[in-house]
Amino acid sequence: MSKETKLSLWIVTIGSFFGVLSSTLMSTALPSIMTTFGITASSGQWLTNGYIMVNAIMIPTSAFLMKRFSFRKLYLLFSIIFLLGTIFGAFAQQYVLLIVGRMIQAIGAGVMMPLVNVLAMSEASKKTRGALMGIIGLAFNFAPVVGPTLSGFILSQFSWRFLFIFVIPFTAINIILAILFLPGLSKKQAVKFNTFGLILSSFGLLFLLFGLSNIGTTKSLSFQVIGSIIVGLIILTIFVLTQTKARSPFINLKVFGHQQYDVATVINMLLMITMYGNTIIIPLLVQNVMHYSALISGLVVLPGATSTAILSPISGRLYDKFGVKRLVVIGLSIDVIGTTLQSFITRDTSILMVTFGQFVRQLGLVLVLIPIQTHALSSVPNLMISDAVAMFNTLRQVAASIGTAILVGIISVTENLTPTHHLAGELSGIKVGFVVSIGMILLCLIMSIWLKTENEFD
């Protein structure tokens, strides 16, 4: 890899770090924002959920954009969009405007994020892809975990607006560095944009996530829940059917013709549900149920975030040496232990025990996430890398958004069914959320049977 490419990779990785960081930066602020604007947890989750959903729509769009425009132009344009959204959010005076700012942020981050994956997978040799993806993992896996910690520190001294203000100077500096040093790296192709695919995928996801987010706040059999979910699934089914026949599909579904890619992607999706759902559950547990401050809520996830930062590069190198299967089995087993510890938490549990459970959980996840992503992207031909990256990251974000909606819905439903004190109901819902997460991790363990340790792909 040339020095020019290495420098480009670092610039894009740092920029993507703040894009991914912003996806969970608001999580710790959720309880205080709920109080400030008089909203419920289901409404408040759209601070994170809306951001992730727009990411999920923009990421596949990036596959088309990367074929039509230069790397430099794309990164600069969408970095500026991200910066504008951040500024908008910092000065928003109403909750609706705050959501709009988050959506604009997500448009920018949604294109910035795939660029770093495509650059790494295209330029690195197969023997060093794991190590390189481990470094990139600092953005994709460390950033969302450290978000609540950083948010807790900021909120202990300042208002939630500084969660946006903090990001502004770093993003501005990154844009300046990109202007000065980022090369064109242009690989233009004559492809047409599938507008119909964009419309179908956007509305399908919107209806699906809207229905899931209403679980627990309206009647389960109402249109807001069941009707919206059914409409979303129908639209997404039409989307899949039309994309398989399209000459220039919005998303190239042919990447699913590779079994190792399929298995790795599904495992990653299930883990994203548990990981992003946890970024909502932990602040609710620590602040609402255990009555600690936002700062303490952030400190609870700090040891786990630190382990992610330290072990991300290491897990990538372990993948290069041992392959994917052994790491996934070990990592998921550790993750089950950590999540089980969390499921036994009560209002009287020591905050250190909550912190330890989260640390063990992250220790297991970091051993899985980098290897499973590297394995998935290594299993497809180089010509399909941009499509594989777009699909992998899209489904990652969709799973994160759906996971947040499902776990918050579970908390709401359980709370409503608990004929006791409000806090007892919320705690019961949180515990059920942890149990659901354990089930998903065990399902991942079962699926790991189909992972291949050797470099022999379909």
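# A walk along helix α12 and beyond

Start with N278, where α12 has a kink of about 30° centred on that residue. The bend at a residue is the angle between axes fitted to the seven residues ending there and the seven starting there. Before you go further, note that this is a predicted model, in which local features need pLDDT of at least 70, side-chain atom pairs count only at pLDDT 80 or more, and totals for chains, interfaces and linings use all residues. Residues are numbered from 1 along each chain as its sequence is written, and side-chain values use heavy atoms, with hydrogens and water left out.

**Stop one: the whole of α12**

Now select residues 259–289, the 31 residues of α12. Helices here are DSSP runs (H or I, at least four residues), numbered from the N terminus. From first C-alpha to last, α12 reaches 43 Å, close to the 45 Å expected at 1.5 Å a residue; the expected span is 1.5 Å times one less than the number of residues. Turn on a surface and you will find α12 mostly covered, with 26 of its 31 residues buried. Buried means under 20% relative accessible area, exposed over 50%, and partly exposed in between (1.4 Å probe, protein chains only). After the helix comes H291, whose phi is positive, near 60°.

**Stop two: N268**

Stay on α12 and pick N268, which lies in this helix. N268 counts as buried because its relative accessibility is 2%. Show its contacts (heavy atoms within 4.5 Å). Leaving aside neighbours within four places in sequence, you should see L369, I372, F392 and R396.

**Stop three: the enclosed space**

Return to N278, which is also one of the residues lining the largest cavity. On a 1 Å grid over the protein atoms alone, a cavity is a set of points where a 1.4 Å probe fits but cannot get out; a pocket is an open set with protein on both sides within 12 Å along at least five of seven lines; lining residues have an atom within 4 Å of a point. By this rule there is 1 cavity of 30 Å³ or more, and the largest has a volume of about 70 Å³. Grid points are joined across faces, edges and corners, and a volume is the space filled by probe spheres set on the points.

To display the lining, select V145, P148, M275, N278, T279, I282, V301, Q358, R361, Q362 and L365. Helices α7 (129–155), α12 and α16 (351–378) each supply at least two of these residues. By class, the lining has 6 nonpolar, 4 polar and 1 charged residues. Ala, Val, Leu, Ile, Met, Phe, Trp, Tyr, Cys and Pro count as nonpolar, Asp, Glu, Lys and Arg as charged, and the others, Gly among them, as polar.

**Stop four: an open pocket**

Next, centre the view on L236, F239, V240, M391 and L395, which lie nearest the centre of the second largest pocket. This pocket has a volume of about 350 Å³ and is lined by 17 residues. Its lining has 15 nonpolar, 2 polar and no charged residues. Helices α4 (46–68), α10 (195–213), α11 (223–245) and α17 (385–417) each supply at least two of them.

**Last stop: I226**

While you are at α11, click on I226, which lies in that helix. I226 is partly exposed, with a relative accessible area of 36%. Draw a C-alpha to C-alpha distance from I226 to S378 and it spans 38 Å, for residues 152 apart in sequence.

How values were computed: Helix = DSSP H or I, 4+ residues; strand = E, 2+ residues; numbered from the N terminus.
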